[in-house]
Amino acid sequence: MADWHSPQGPFDIPDVPDFVPRRLKPWLFIFFVLIIQFSGGVYLAAASDMVGTTGLMQEDILMAGYASLIGMSINFAVMFRIKFRFSNRTQLLVCGMVLLLANIICSRTGSVPVLVTVCLIAGWFRMQATLACNSTIQLWLTPKRDMAVFFCYVYIIVDSVIQLSGITTIYLAFFSQWEYMQYVMAGLLALMMLMVVVLVRPVRSPMFIPLLGIDWLGALLWAGFMLCFTFVCVYGNFYDWWEASEIRIATVLGIACAAINLWRATFLHHPYITLRALTNRNVVRATLVYLVFFTLMATEHVFEHSYAAEILGFDETNLIDLNWYVFIGIITGCAFTYFTFALRRWRYKTMTAIGFSLAVVYLAYFYFLIDYGVEKEMLFIPLFFRGAASVIISIVFLTSIVQSGLSFQEFPKALSVNGFTGAVMGATLGPAVVGEFLEHTVAKNFAQLSAVLTDSNPAIQHLPIGDLAGMLGMQALVVSMKEIYGWLLIVALISLLIIIVSYGPLRPWAIFPKWRTIRRIIRRGVRVQQSSGVI
């Protein structure tokens, strides 16, 4: 961990009374952030159970889950303004109450609009509560405010919780019902709020900054664009893409929301996301890398579950046990990035090449491994490398946003763009493309394999037509998976070659400003808006 003594003296948290030992204070906020991160509204691991009991489709639950990520991305642009407006105690109590209600509503409702709306709101408040906790202990984690170090901590918490929440959800559903995960988290959130009331004092910011000059209409329009984009990617295959009016309407509405926001950004003094943040070189580079990398990793969402369930015959508990392999990869990837990238200052190019190399190993392993008789333990290596690769790429390019040269007023807006492109686009666009590719490839291979089914073939004449069709469909699926893994492997190798031959001497030096400096910057911006009559 970090040194307990900063240049200003021993680290302390004034929000927590002195009867709590100083060394335990940061761990109290880590406990809070773990509860907050586990509180997701809906849990995608329980999607099959929800489909069976609520009448929802798989796509409905995915849409709600991604709406939570959209809420988190939208919050980035204003999270510091809210932090300096309310005390940590107020933020944690309000966010805890909202998340508690969201968990209860999500366990009870069968309405898709309600589910998506609640998850969107829950994601927004989950991000704000996470910031309240993490910003409080930032100097404990890195007294120099080195964001490369800080992001290693952030991702070891966030990505690990994603895996652990899935494991917890499945085992609770296995021994009881899927709703129990929401009830358990509601109880933990109530415990957190009780601990906040007892152990966290309402310490106000030394500089009161009102919530003035925020482009809330822009926030709604950007949320609308992100929701429409996600809707098209999630429901596209179900509705047969633009053959359906639903997809056409979502496409037009999403383009309209984005166009209006871009137009408004040309004349508004303080748009929700500025053109400078959107066009920053590091932001654009990170977006392109995310699109390529997470498309290569899209087989996680499209192939792995169906391969393990339908071909290998794993039940839900065996399927979710694979999360442990990814979890170990995430821990290892964060530790590796901490010691090499954050401490030893390895170059961005080197770390990116390592991330793509691990992706190559993941794809190559599945390309050569995929078969009918694979044991669960044999999946450790590819899943381990997938977890490590994803977390390395995420930490490296999030750090690059801090080092992008943007002013602090622009920095949170760039984080919103990064959050959407990394978390939402990466999780929806790639699977949509690969899933469509799989559907066409399976149809092609099924037709080719069917060519052997003739009356003159004595090896298959005695088989019932139903068994024969099932065997043929499974064989076509395996062959198609192997083919797509091969194409993705080629793309990964080409991407790795481009990274290796490119020139990239830049090393991480992403130092976050002091909190009092940030307060002065935000306060000065508000005063300028007030004096110019913008607000």
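The protein has 20 helices and 2 strands in this predicted model. Of its 535 residues, 55% are buried. Contacts between residues at least 6 apart in sequence join, in 83% of cases, residues at least 24 apart. The exposed area of the protein is about 23,200 Å², and carbon and sulfur atoms supply 68% of that area.

**Nonpolar core**

In soluble globular proteins, nonpolar side chains tend to be buried together. The largest nonpolar core here holds 167 residues. The members that touch the most other members are F29, F32, I74, L92, Y153, Y272 and L379. For L379, leaving aside residues up to four places away in sequence, the residues touched are L312, F314, L322, Y325, F366, L369 and V374.

**Aromatic pairs**

The structure holds 30 aromatic pairs. Two of them are set out below, each within a helix.

| Pair | Helix | Centre distance | Plane angle | Geometry |
|---|---|---|---|---|
| Y290 and F294 | α13 (residues 281-296) | 5.9 Å | 45° | tilted |
| Y362 and F366 | α16 (residues 348-369) | 5.5 Å | 85° | edge-to-face |

The pair Y290 and F294 is tilted because the planes of the two rings lie at 45°, between the limits of 30 degrees for stacked and 60 degrees for edge-to-face. Y290 and F294 are 4 residues apart in helix α13, about one turn of the helix. Y290 has 2% relative accessibility and so counts as buried. F294 is also buried, with a relative accessible area of 14%, a value that falls under the 20% cut-off.

The rings of Y362 and F366 have planes at 85°, so this pair is edge-to-face; the angle is over the 60 degrees required. Y362 and F366 are likewise 4 residues apart, in helix α16, and about one helical turn separates them. Y362 counts as buried because its relative accessibility is 0%. F366 is buried with a relative accessible area of 3%. F366 is also one of the residues that L379 touches.

**Aromatic cluster and a charge over a ring**

Y290 and F294 belong to an aromatic cluster together with F293, F356 and F397. Of these members, Y290 and F294 lie in helix α13.

Another ring, that of Y367, has a charged group over it: the charged end of K482 sits 5.2 Å from the centre of the ring.

Terms used: Residues numbered from 1 in each chain as written. Predicted model: local features only at pLDDT ≥ 70, side-chain atom pairs only at ≥ 80, totals over all residues. Heavy atoms only, no water. Core = buried A, V, L, I, M, F, W, Y, C linked by side-chain atoms within 4.5 Å. Buried < 20%, exposed > 50% of the residue type's maximum accessible area, 1.4 Å probe, protein only. Contact = heavy atoms within 4.5 Å. Phe/Tyr/Trp six-rings, centres within 6.5 Å; stacked < 30°, edge-to-face > 60°. Lys NZ or Arg CZ within 6 Å of the ring centre and 35° of its normal. Areas by Shrake-Rupley, 256 points an atom, 1.4 Å probe, with all protein chains shown as cover.
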